[in-house]
Amino acid sequence: VIRPKPTTCADVKSLYKVSSNGYFSIYDSANKPYLAFCDFQSDPGFAWTLIESLSLTHGQSSTFRKSFGVNVQSNECTPNWSNYRLSKAKMDTIKNAASSTHFRATCNFNGDSEKGLQDRRDYLRASFCAYSLFLQSKSAWTCVEVDYINVRGTSCSKCSIPLYSDGSWHLHIDLSTAKGSCGRFDAPDAISSEDIFGSYRTVNSQFSCSASSSSTTNWWIGGPFF
């Protein structure tokens, strides 16, 4: 029996019934394999493909202050946690797969631990149905009903959060904008114009993705497995 070639980590999970996080080969649109990090443990019922992971230092650089609609690849053959981003073409292939329904952002994912995350503190998850512009640039805030968001222990589910990205702004949330618009999400200890999950023009060390220069922000595309 010839098995189909996986294009996402959700496909890997379904095809090979693996349960441990790790590096697996998936295939791009040209049917060429490449190594990707897969998380099967931190979000029960979901499999996640890492598409970008940047330290705060790299996340603040002009190179990476760009939406996922801009092709800025970095070390895509050697996945790592501080300076890694897939090409736009590979992201498109992952997002367009039938198994891809959601995206998320995490902080300081630990690839060496069994589950990767201790909890869902400083965490974001939303569906492509709610935000189809994930791999595009739109120079305007968009209110998005997210599955779940947590900032410094304050969380909400199915709430409206403003997302923004364009050619010089990575996809992110400005907590001042979030407090005053959409569902009016009010995070504790926020500072004026605090950026979370990307861009990081204004940072708060109390947010775990920006606690230090080596803190990491991790972006994923994923979906449920059966």
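Reader: How much space lies in the largest pocket, and what makes it a pocket and not a cavity?
Author: About 240 Å³ of space lies in the largest pocket, a volume filled by probe spheres set on grid points joined across faces, edges and corners. On a 1 Å grid over the protein atoms alone, a pocket is an open set of points with protein on both sides within 12 Å along at least five of seven lines, whereas a cavity holds a 1.4 Å probe that cannot get out. This is a predicted model, in which local features need pLDDT of at least 70 and side-chain atom pairs pLDDT 80 or more, while totals for chains, interfaces and linings use all residues. Residues are numbered from 1 along each chain as its sequence is written, and side-chain values use heavy atoms, without hydrogens and water.

Reader: Which residues that line the largest pocket are the closest to its centre?
Author: Of the 13 lining residues (each with an atom within 4 Å of a point), the closest to the centre are Cys-107, Asn-108, Gly-116, Leu-117 and Gln-118.

Reader: Why is the pair of Phe-37 and Trp-81 called edge-to-face or stacked?
Author: The ring centres are 5.0 Å apart, within the 6.5 Å limit for a pair, and the planes stand at 75°, where under 30 degrees would be stacked and over 60 is edge-to-face, so the pair is edge-to-face. Phe-37 lies in strand 2 and Trp-81 in the loop between helix 2 and strand 4, so the pair ties together parts that are 44 residues apart in sequence; helices and strands here are DSSP runs of at least four (H or I) and at least two (E) residues, numbered from the N terminus. Both Phe-37 and Trp-81 are buried, that is, under 20% relative accessible area with a 1.4 Å probe and protein chains only.

Reader: What makes the pair of Phe-134 and Trp-219 tilted?
Author: Their planes are 45° apart at 6.0 Å centre to centre, which is neither stacked nor edge-to-face, and therefore tilted. Phe-134, in the loop between strand 6 and strand 7, and Trp-219, in strand 11, are 85 residues apart. Both Phe-134 and Trp-219 are buried, and they form one aromatic cluster with Phe-68, Phe-103, Phe-128 and Tyr-131.

Reader: How do you know that the charged end of Arg-125 sits over the ring of Phe-46?
Author: The charged end of Arg-125 is 4.4 Å from the centre of the Phe-46 ring, and the term requires CZ of Arg, or NZ of Lys, within 6 Å of the centre and within 35 degrees of the ring normal. Lys-13 lies over the face of Phe-225 at 4.8 Å from the ring centre.

Reader: What is the bridge partner of Arg-125, and why do strand 6 and strand 7 count as a pair?
Author: Arg-125 has Tyr-148 in strand 7 as its bridge partner. The antiparallel strands 6 and 7 are joined by 3 bridges, and because DSSP needs to find at least two, they pair.

Conventions: Buried < 20%, exposed > 50% of the residue type's maximum accessible area, 1.4 Å probe, protein only.
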